[in-house]
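Me: I'd like to practise reading a structure with you. Could you take me through it one feature at a time?

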Amino acid sequence: AGGEARPSGHSYGSSEISWALPDTSHVSHDDLTSQVGEVLLYYCYCEVRDPEKLCAWQKALCQHLHLTGKVRVASEGINGTVGGSKVAASLYIKVMLSQPLFKNILCQEDFKSSAGGAHCFPDLRVGVFKEIVPMGIDPKIVSYKETGIHLSPQEFHREVEQYLSQATQGQSDTILLDCRNFYESKIGHFQGCLAPDIRKFSYFPSYVDENLELFKDKRVLMYCTGGIRCERGSAYLRSKAVCREVYQLKGGIHKYLEEFPDGFYRGKLFVFDDRYAICSNEDIISACRYCGVLWDQYKLCSSQHCRQLVLTCPSCCNKGLTACCSVCQEKELKVTSRASGQTLKEECECTRRRPRVPIEPVSPRMVDTGK
């Protein structure tokens, strides 16, 4: 497909971790803390011998630049999304690129940016984990070094165009696979994609296992938000040895939309911060949970015990329909009358009806035609 060669592993960076922090003496406090800024999204797979040291430096760097957000560090690399002023974001990128650990691995184009700032996150969270993206499988068993073939946005665009053209004629041997969660693909996705009805990326391996027949002898075009989930997801799919080949969108939807805002991706792009979504086109492909009117702006369920996202339009909100389901709507009234200190649940009762790993109820013929 003309993509870049599959990497054999990023082991050529220096293991040394520099503690350098940028000089901000020439920058005014207002410029450094301005609410008008950016949100950066990036990741870098590399061998980290001292994750704790990298974590400590990363925390000090973000605090020094007044950045908020989330950064995951592991022995396999780093994954972050941070927000701050434009000056702070620029300094952050400059320091990251000069870090010896990332030399010859991380580059300017690996940073995806969008309008935002420090206000897009409630705080700063930096920690050491086993994986920089939680797939739930030991990186030593399924490594980023065995990832699929990377396609640039231009190459991926051509592939999707060809896939859609062939699918309408029932001749496609390709699957366009969205490896994100259901609430992400619900508000935006590529035309003709297969979007698994999963709630967590850690369910993706089980989804693949339960649907191996679907992928047999297929060419798979895989995509996610920024590319990081595809690195491990494509490696897992390749490990099953059922596909003809596995390709992935380099830089994810983020980079694709920079070049093709009116391309084959329609709707909003879900992001994991207080914005919930960013827009590149005017399409609305999802609906209000209660009345069915076109709507794609998520809010947190109003029930204090729940952390689910809900699509509820202004009209339904004004009627008090602000919970993710009728169970939460009833609980909200009970919980609000109690003392504070309720524990927040990750799942609402309504999600228990959703199969943890759905079996695709489609025939290969339906997949071939892009339905």
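Reply: Happily! This is a predicted model, and burial is a good place to begin. Of the 371 residues in the protein chain, 53% are buried.

Me: Which secondary structure elements does the protein chain have, and how many of each?

Reply: There are 12 helices and 15 strands. For contacts with a separation of 6 or more, 73% join residues 24 or more positions apart.

Me: Let's take one helix. How does the reach of α2 go with its number of residues?

Reply: The general idea is to allow 1.5 Å a residue. Helix α2, residues 51–64, has 14 residues and spans 20 Å from first C-alpha to last, close to the 20 Å expected.

Me: Which residues of α2 are buried?

Reply: They are P51, L54, C55, W57, Q58, L61 and C62. Seen down the axis of α2, these buried residues fall within an arc of 165 degrees, so they line one face of the helix. They pack against β1 (37–45), β2 (68–74), β3 (77–85), α3 (86–98) and β5 (124–128). Just after α2, H66 has a positive phi of about 60 degrees.

Me: How many disulfides does the structure hold?

Reply: First, the general idea: a disulfide is a covalent bond between the sulfur atoms of two cysteines. This structure holds 0 disulfides. For C46, the nearest cysteine sulfur is that of C44, 4.2 Å away, whereas the cut-off for a disulfide is within 2.5 Å.

Me: Is C46 buried or exposed?

Reply: Buried means under 20% relative accessible area, and C46, at 1% relative accessibility, counts as buried. C243 counts as buried too, at 16%.

Key:
Residues are numbered from 1 along each chain as its sequence is written. This is a predicted model: local features need pLDDT of at least 70, side-chain atom pairs count only at pLDDT 80 or more; totals for chains, interfaces and linings use all residues. Side-chain values use heavy atoms; hydrogens and water are left out. Helices (H or I, at least four residues) and strands (E, at least two) are DSSP runs, numbered from the N terminus. Buried means under 20% relative accessible area, exposed over 50%, partly exposed in between (1.4 Å probe, protein chains only). Contact means heavy atoms within 4.5 Å. The expected span of a helix is 1.5 Å times one less than its number of residues. The arc is that of the directions from the helix axis to the C-beta atoms.
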